[in-house]
Amino acid sequence: MSDLIKVLMLEDDEAVCEAYRREIEKKQEMELVYATGCEGAALNYLRTNPVDVVILDLELKEGDGLSFLIKAKQICEKKPYIMVVTNTGSEIMLGLVRENGADFVYQKTNSMYTEEKILSMIKKALPFQTELAMRKMAAEVATKADLVQARELKRYIYQTLVDMGFKAGTLGTAYLQDILHIALKEHTEVDDTRVKELYEETAQLNNTMSINVERNVRSAIETTWKQTNLEDLQMHYPFEWNRQKGKPTNKEFIINMLHLLS
């Protein structure tokens, strides 16, 4: 990444583009290199001009944000950090957006939404995202024998949880480590039934009951979400959760972490 963070803006509302342009001009570390409301124009720009960040609306003048995400994966040698800012509340659409490369999704209907807020979150997230990309690159060039070492995988899972804010040495953190480790080795989709089976397998591994595993995992998630600064937490857990409940469910957390770690 160059000294300036190069930002591409893909947004159909010219007033919104102008608001971001003004905010970016205030920030010495950022540069708005291109702004458009058309999917095709943005893709053409990316073919010859790598950027560090894409701020993406899903509703565009030409094309749409989801289509852009799918095509951008094919043409970007180095994936930019993609911040989706949208009015849509469809969980199905937001899920598809995350699956296809969005690093963070922020809804414009959120009362805390401002252009400055979005840029501040990008500035905080980008170093972590770069580090994560370097980890993945290192994993890709590692030998197959290194990748299948269970000890290394478990240590990586555990460190990721601790970095997120989970307490080291607690049962909930240890059970989550085992659950994620078992599931990652399988390389299969996890649904409601499989989550229950993972509780049982983890219980057998630790000579306890599955209800104890489920309860300790729930407690660990609740404690982390209560005691960790939410902005810091979102840097490590770039997924939405039910704001009324104040935390993700066990199943949501496990499935999202599998996407993040795989």
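Author: Welcome! Let us start with one term: contact means heavy atoms within 4.5 Å. Please also keep in mind that this is a predicted model.

Reader: Thanks! With that in hand, which residues does Met-257 touch, leaving out residues up to four places away in sequence?

Author: With those neighbours left out, Met-257 touches Thr-160, Leu-161, Met-164, Leu-180 and Tyr-237.

Reader: Which residues touch the most other members of the largest nonpolar core?

Author: A nonpolar core is a set of buried nonpolar residues joined through side-chain atoms within 4.5 Å. The largest one here has 31 residues, and Phe-166, Phe-253 and Met-257 touch the most other members. Helix 7 (150-164), helix 8 (171-186), helix 9 (192-205), helix 10 (210-227) and helix 12 (250-261) each supply at least two of its residues. Helix 8 gives the largest share, 7 residues. Another core, of 24 residues, lies apart from it; Ile-5, Phe-104, Tyr-106 and Met-235 are among its members.

Reader: Let me step back to the whole chain. How many helices and strands are there?

Author: The protein chain has 12 helices and 5 strands. Of its 262 residues, 45% count as buried. Contacts can also be sorted by how far apart the partners are in sequence: among those between residues at least 6 apart, 66% join residues at least 24 apart.

Reader: In what order do the 5 strands sit in the sheet?

Author: To read a sheet, list the strands from one edge to the other. Here the order is 2-1-3-4-5, the sheet is open, and the pairing is parallel. The edges are strand 2 (30-36) and strand 5 (104-107), each of which pairs on one side only. Neighbouring strands are turned by 20 degrees against each other on average, direction ignored.

Reader: How many bridges join strand 1 to strand 2, and how many join strand 4 to strand 5?

Author: Strand 1 and strand 2, which run parallel, are joined by 6 bridges. In that pair, Met-9 stands opposite Ala-35 in strand 2. At the other edge, 4 bridges join strand 4 (residues 81-86) to strand 5, again in parallel. There you can find Met-83 opposite Phe-104, and Val-85 opposite Tyr-106. As a general idea for reading such pairs, side chains in a regular strand alternate between the two faces of the sheet.

Reader: What do strand 1, helix 1 and strand 2 make together?

Author: They make a β-α-β unit: strand, helix, strand. Helix 1 covers residues 14-25, and the unit is right-handed. Strand 4, helix 4 (residues 91-99) and strand 5 also make a right-handed β-α-β unit.

Reader: Where do helix 2 and helix 3 lie on the sheet?

Author: An angle between directions tells you how a helix runs relative to a strand. Helix 2 (residues 39-48) lies across strand 1 (5-10) and strand 2, running at about 135 degrees to strand 2. Helix 3 (residues 65-75) touches strand 1, strand 3 (53-56) and strand 4, and makes about 155 degrees with the direction of strand 3.

Reader: Which residues of helix 2 are buried?

Author: First the general idea: an α-helix has 3.6 residues a turn, so residues three or four places apart point the same way. In helix 2, the buried residues are Glu-39, Ala-42, Leu-43, Tyr-45 and Leu-46. They lie on the same side of helix 2 because they cover an arc of only 160 degrees around the axis. Their packing partners are strand 1, strand 2 and helix 3.

Reader: Now some single residues. Is Leu-260 buried or exposed?

Author: The cut-off for buried is under 20% relative accessible area. Leu-260, in helix 12, has 13% relative accessibility, so it counts as buried. Its C-alpha atom is separated by 10.0 Å from that of Asp-103, 157 residues apart along the chain. Lys-251 also lies in helix 12; with a relative accessible area of 34%, Lys-251 is partly exposed. Beyond its sequence neighbours up to four places away, Lys-251 touches Asp-192 and Val-195.

Reader: And where is Asn-207?

Author: Asn-207 sits in the loop between helix 9 and helix 10. The cut-off for exposed is over 50%, and Asn-207 counts as exposed at 75% relative accessibility. Look at its backbone too: phi is near 55 degrees, a positive value in a residue other than glycine.

How values were computed: Residues are numbered from 1 along each chain as its sequence is written. This is a predicted model: local features need pLDDT of at least 70, side-chain atom pairs count only at pLDDT 80 or more; totals for chains, interfaces and linings use all residues. Side-chain values use heavy atoms; hydrogens and water are left out. Two strands pair if DSSP finds at least two bridges between them. Axes are lines fitted to C-alpha atoms, for helices over the stretch in contact, and angles run from 0 to 180 degrees between N-to-C directions. Buried means under 20% relative accessible area, exposed over 50%, partly exposed in between (1.4 Å probe, protein chains only). The arc is that of the directions from the helix axis to the C-beta atoms. A crossover is right-handed if, with the strands pointing away from the viewer, the path from the first strand over the helix to the second runs clockwise.
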